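This briefing summarises one protein model for a reader who works from coordinates. Please consult the sequence and the structure alongside the points that follow.

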Amino acid sequence: MSVLLTLVPPIERNVGANRALHPDRPWIRVARGGAGLAMLAALAQELFDATQPGNSVDIPQLISQFTFQSNLVLGLVLLVSAARPRVIAALDWLLVTCTVRGPWQRPLLWLCYPVAFLIFSWGRGALDGWYPYDFLDPRLDGGWPAVIATSAQVLAAFLIAGVLVHLAGNARVGLAREAGNEPHA
């Protein structure tokens, strides 16, 4: 990924306008760390709840859910980015200065994890009969054709969201440029 970013030339920044929202500002790093800790604390509470009698989801099932996994990754990314001088999550992405346009294939790369999750879920379900979401269970009405159709719709939604985030991120780069310093095509 770093190779792709080095191929895209950096864009000159309007330092004065972006200073308060620079990714290395201490208050931004503290906010990232706090959000990461809060997210991990919520996940720890879910894990604890899964051990309680009468709970319908056990720990292996809980950690097999896409929502749990993605929140765990986001919480860890926020903590790492609090310790390091760069930003990778929603509010950071929206508010903190970005100076490099992302490559066009970035939204396709973002689909790798959801596709891997589908493969894992189907494999696990075939082994133990438990699927994290009903739309992944081929034993229900419609069988595999319904599972594939619904999964394709979910992947298409992820791709559309990814393309919109990618386009918005590239549009944001213009906010970091100094007036009149835009490169000409």
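Which pattern does the protein follow when read along the sequence? The pattern is α-α-α-α-α-α-α-α-α, and the protein accordingly holds nine helices and zero strands. The model is predicted, with a mean pLDDT of 80.

**Overall composition**

- Of the 185 residues in the protein, 30% are buried.
- The protein exposes about 11,500 Å², and 70% of that area is supplied by carbon and sulfur atoms.
- Among contacts with a separation of 6 or more, 70% are accounted for by residues 24 or more positions apart.

**Confidence of the prediction**

- A pLDDT of 70 or more is reached by 74% of the residues.
- Among the elements of the protein, helix 8 has the highest mean pLDDT, at 94, and helix 1 (residues 2-7) the lowest, at 43.
- Over residues 1-9 the pLDDT is below 50, and this stretch has eight contacts in the model beyond near neighbours in sequence.
- Residues 178-185 also have a pLDDT below 50, with six contacts in the model beyond near neighbours in sequence.
- Where pLDDT is low, the predicted coordinates should not be read in detail.

**Helix 5 and its surroundings**

- Helix 5 spans residues 66-83 and has 18 residues. From its first C-alpha to its last, helix 5 reaches 26 Å, close to the 26 Å expected at 1.5 Å a residue.
- The buried residues in helix 5 are F66, F68, Q69, G75, L78, S81 and A82.
- G75, one of those buried residues, lies 9.9 Å from A42, C-alpha to C-alpha, although the two are 33 residues apart in sequence.
- A42 belongs to helix 3 (residues 26-50) and is partly exposed, with a relative accessible area of 41%.
- Q65 is placed in the loop between helix 4 (59-63) and helix 5. Q65 counts as buried because its relative accessibility is 18%, under the cut-off of 20%.
- Leaving aside neighbours within four places in sequence, Q65 is in contact with V57, F117, W130, P132 and Y133. Of these partners, F117 falls within the range of helix 8, residues 112-128.

**Helix 8 and W122**

- W122 is found in helix 8. Its relative accessible area is 19%, so W122 counts as buried under the 20% cut-off.
- Beyond neighbours within four places in sequence, W122 is in contact with Y131, L136, W144, V147, I148 and S151. Among them, W144, V147, I148 and S151 fall within the range of helix 9, residues 143-173.
- W122 and D137 are 15 residues apart in sequence, and their C-alpha atoms are 7.8 Å apart in space.

**Salt bridges**

- How many salt bridges does the count come to? The count comes to two.
- D128 forms one with R124, the closest N and O atoms being 3.0 Å apart. The two residues are separated by about one helical turn because they are four residues apart in helix 8.
- Within this pair, D128 is partly exposed at 43% relative accessibility, whereas R124 is buried, with a relative accessible area of 17%.
- R139 forms a salt bridge with D137, and here the closest N and O atoms are 2.8 Å apart.
- Are the partners in this pair buried or exposed? R139 counts as exposed at 55% relative accessibility, while D137 counts as buried at 9%.
- D137 therefore appears twice in this briefing: as the salt-bridge partner of R139, and as the residue whose C-alpha is 7.8 Å from that of W122.

**Nonpolar surface patch**

- I160, V163, L164 and L167 form a nonpolar patch on the surface. Together these residues have about 370 Å² of accessible area.
- L164, one of the patch residues, lies in helix 9 (residues 143-173). L164 counts as exposed because its relative accessibility is 55%, over the cut-off of 50%.

Definitions and conventions: Residues numbered from 1 in each chain as written. Predicted model: local features only at pLDDT ≥ 70, side-chain atom pairs only at ≥ 80, totals over all residues. Heavy atoms only, no water. Salt bridge = Lys/Arg side-chain N within 4 Å of Asp/Glu carboxyl O. Buried < 20%, exposed > 50% of the residue type's maximum accessible area, 1.4 Å probe, protein only. Expected span 1.5 Å × (residues − 1). Patch = residues over 30% accessible without salt bridge, like charges linked within 9 Å, V, L, I, M, F, W, Y side chains within 5 Å. Areas by Shrake-Rupley, 256 points an atom, 1.4 Å probe, with all protein chains shown as cover. Contact = heavy atoms within 4.5 Å. pLDDT = per-residue confidence, 0-100.
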